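User: I would like to go through some of the labels used for this model and the reasoning behind them.

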Amino acid sequence: MSRQKNQSFKGHGLSKGKEREPRTLIRFKTTLMNTLMDVLRHRPGWVEVKDEGEWDFYWCDVSWLRENFDHTYMDEHVRISHFRNHYELTRKNYMVKNLKRFRKQLEREAGKVEAAKCDFFPKTFEMPCEYHLFVEEFRKNPGITWIMKPVARSQGKGIFLFRRLKDIMDWRKGTVGKKLTIVEAQPNRANVNPSGSHDTKSSDDQKEEIPVENYVAQRYVENPYLIGGRKFDLRVYVLVMSYIPLRAWLYRDGFARFSNTRFTLNSIDDHYVHLTNVAVQKTSPDYHPKKGCKWMIQRFRQYLASKHGPEAVERLFRDMDNIFIRSLQSVQKVIISDKHCFELYGYDILVDQDLKPWLLEVNASPSLTASSQEDYELKTCLLEDTLHVVDMEARLTGREKRVGGFDLMWNDGPVSREEGPSDLSGMGNFVTNTHLGCVNDRKEQLRQLFRSLQVQKKAPG
């Protein structure tokens, strides 16, 4: 097992004052047979281990985490792909509970203006435990549309829209006293993992002790921004290497996922209109597999700039940066921050007609199965760069602000695009180091990065 050498800098994935020794052989393990396996198998110096073999890196599923994490000894260099209680951010009801608590804390400590920066998720109630609070709110605004979502399922399963209290009462009668089946509580691993197509809720966001299948009732965003008359949401990737201190990277690529059918509020029962999940849309009669229903986020950014101008687009993307940071801060004190853990989150963001972004949910296992060649290339590069940042090979210095397509967004405080010390006073021209939807010249950046790292290592002293 590798041992540590003393070093004076503070690294982004390292214990303070520690440096991992370079490793030429890395033993990896995973059960996901998709782009992830392709990337791991092609990585120089990485070898796959099966069954009970010793491993250095494990892209695990959460059923393994739940059953084994607390009983597994991990040497200093070992890394796994989830935090122990990741569900605090990735289960819909927990995410909202933590955001509400964080907003109240901000109001107490910093005032209403600061707390208002957390107003990026629709009014939400946990069901059935907040049923009476929901009814009170429902009666204040009769006629508006609400959406019901199971807290721990994926791919649009179990979701429905409603406008009448009768619909929700029928649902409530059906859920009172109902126990989760084994399939719902712990999905068959063979069904979930090889496809890699689950987006958390089917397996990742389960907790063993759920007595009934909880839902959230959420006010439906009735004025989504439309392109070609169709609704869409954005999938954005955030990599967290540590919660204490918080260190988070934002990926430059992502995509918009479109519904296949023109938007209307006249047919609230049509999932092809209202749900943008690829798993739902690909069952549509007029879905084109080659064409798909995705835009790269660069194309989306350019489209908006041509319609609304660069300033409006900058404001929208700044507001999205705010969502990423505030949501992570909302769980910073409850997530068990373990140096062996990292997490690649898939954020789902909806943009409305006023160019306001809304956080729909955060996925702990964003789908790594490709729906097109363009999708395959995006996910392959995303995963390669994730492994570069996790840095099992111990090549980085810990001072990098960019690694491939990832930009360091937060490092125990906001990270500036400018070189030199950060100006945290609120004065000066502080611009956050985020480039979502901008050019991703990752190959050239990685060439330069690793070339300069080799030069540094060869330099005397």
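Analyst: Strands here are DSSP runs of at least two residues, numbered from the N terminus. The model is a predicted one. Arginine 252 lies in strand S12, which covers residues 247–258.

User: Why is arginine 252 called buried?

Analyst: Buried means under 20% relative accessible area. Arginine 252 has a relative accessible area of 8%, so the label buried applies.

User: What makes the pairing of arginine 252 with aspartate 407 a polar contact?

Analyst: The cut-off for a pair of N or O atoms is within 3.5 Å. The side chains of arginine 252 and aspartate 407 are paired at 2.8 Å. Beyond its neighbours within four places in sequence, arginine 252 also has contacts that include Ile297, Arg402, His435 and Asn440.

User: Why are H12 and H13 called oblique to each other?

Analyst: Helix H12 (residues 297–308) and helix H13 (residues 310–331) pack at about 135°, their axes 7 Å apart. Angles over 145 degrees count as roughly antiparallel and 65 to 115 as roughly perpendicular. The angle of about 135° belongs to neither class, so H12 and H13 are oblique.

User: Which residues meet there?

Analyst: From H12, Phe300, Arg301, Leu304, Ala305 and His308 meet a set in H13 that includes Pro310, Val313, Glu314 and Phe317. The residues of this contact divide into eight nonpolar, one polar and two charged.

User: How do you know that H14 is mostly covered?

Analyst: In H14, 13 of the 18 residues are buried. The helix spans residues 373–390 and reaches 26 Å from first to last C-alpha, close to the 26 Å expected. Aspartate 391 follows H14 and has a positive phi, near 60°.

Key
Residues are numbered from 1 along each chain as its sequence is written. This is a predicted model: local features need pLDDT of at least 70, side-chain atom pairs count only at pLDDT 80 or more; totals for chains, interfaces and linings use all residues. Side-chain values use heavy atoms; hydrogens and water are left out. Helices (H or I, at least four residues) and strands (E, at least two) are DSSP runs, numbered from the N terminus. Buried means under 20% relative accessible area, exposed over 50%, partly exposed in between (1.4 Å probe, protein chains only). A polar contact is a pair of N or O atoms within 3.5 Å; within protein, one must be able to donate a hydrogen and the other to accept it, and residues adjacent in sequence count only if both atoms are side-chain atoms. Contact means heavy atoms within 4.5 Å. The expected span of a helix is 1.5 Å times one less than its number of residues. Axes are lines fitted to C-alpha atoms, for helices over the stretch in contact, and angles run from 0 to 180 degrees between N-to-C directions. Angles under 35 degrees count as roughly parallel, over 145 as roughly antiparallel, 65 to 115 as roughly perpendicular and the rest as oblique. Ala, Val, Leu, Ile, Met, Phe, Trp, Tyr, Cys and Pro count as nonpolar, Asp, Glu, Lys and Arg as charged, and the others, Gly among them, as polar.
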